[in-house]
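Reader: Hello! I would like a close look at one part of this model and at what surrounds it. Could you take me through it step by step?

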Amino acid sequence: MTDKTDIGDDRVTVTPCEDGPLLLRGPFVLTTQDGAVIDPGRSTVALCRCGRSAAKPFCDGSHRPARFRAPSEPEPPA
């Protein structure tokens with residue numbers, strides 16, 4: 001496990017928020033499946049995990065009224 005203080009500004013971090021989006025921070029490039037670049041307009045973005053956002057691939061908070069549930073940590077193997 002990496003301590004947060006070990007991560008420099010040149011690395012991308014992806015943080016799954018409990019019951020919410022994936023947060024991307026750092027120098028990432030977001031593309032469509034065909035390779036077209038999607039301009040996020042900022043260096044930190046929240047990506048939808050619930051599938052209900054009207055602004056896909058970005059989160060618009062739709063997970064709250066949908067009562068989306070997902071852990072922040074990986075689920076143990078079955």
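Reader: Where does His-63 lie?

Author: Happy to help! This is a predicted model, in which local features need pLDDT of at least 70 and side-chain atom pairs count only at pLDDT 80 or more, while totals for chains, interfaces and linings use all residues. Residues are numbered from 1 along each chain as its sequence is written, and side-chain values use heavy atoms, with hydrogens and water left out.

His-63 lies in helix H1, which covers residues 63–66. Helices here are DSSP runs of H or I with at least four residues, strands are runs of E with at least two, and both are numbered from the N terminus. His-63 counts as buried because its relative accessibility is 9%; buried means under 20% relative accessible area, exposed means over 50%, and partly exposed is in between (1.4 Å probe, protein chains only). Beyond its neighbours within four places in sequence, His-63 is in contact with Asp-19, Gly-20, Pro-21, Cys-50 and Phe-68, where contact means heavy atoms within 4.5 Å.

Let us follow Asp-19 from there. In the hairpin of S1 and S2, with five residues between the strands, Asp-19 takes a positive phi near 60°. Asp-19 is partly exposed, at 22% relative accessibility. The side chain of Asp-19 also meets that of Arg-69 in a salt bridge, at 3.7 Å from N to O; the term asks for a side-chain nitrogen of Lys or Arg within 4 Å of a carboxyl oxygen of Asp or Glu. Arg-69 belongs to the segment after H1 and Asp-19 to the loop between S1 and S2, so this pair ties together parts that are 50 residues apart in sequence. A search of the whole structure finds one salt bridge. As for Arg-69, the residue is exposed, with a relative accessible area of 58%.

The hairpin leads on to the sheet. Strand S1 (residues 13–16) pairs with S2 in the antiparallel sense over four bridges; two strands pair if DSSP finds at least two bridges between them. Pro-16 has Leu-22 as its bridge partner in S2, Thr-15 stands opposite Leu-23, and Thr-13 stands opposite Arg-25. S2 is also joined by four bridges to strand S5 (residues 44–47), and these two run antiparallel. Together they make an open sheet of three strands in the order S1-S2-S5, with antiparallel pairing. S1 and S5 stand at the edges with a single partner strand each, so one side of each has no neighbour in the sheet.

Across the S2 and S5 pairing, Leu-24 stands opposite Val-45. Both residues belong to the largest nonpolar core, which has six residues and also includes Phe-28, Leu-30, Leu-47 and Phe-58. Such a core is a set of buried Ala, Val, Leu, Ile, Met, Phe, Trp, Tyr and Cys residues joined through side-chain atoms within 4.5 Å. Leaving aside neighbours within four places in sequence, Leu-30 is in contact with Ala-36, Val-37, Ile-38, Leu-47, Pro-57 and Phe-58. By comparison, Val-29, in the loop between S2 (22–25) and strand S3 (30–31), is exposed, with a relative accessible area of 64%.
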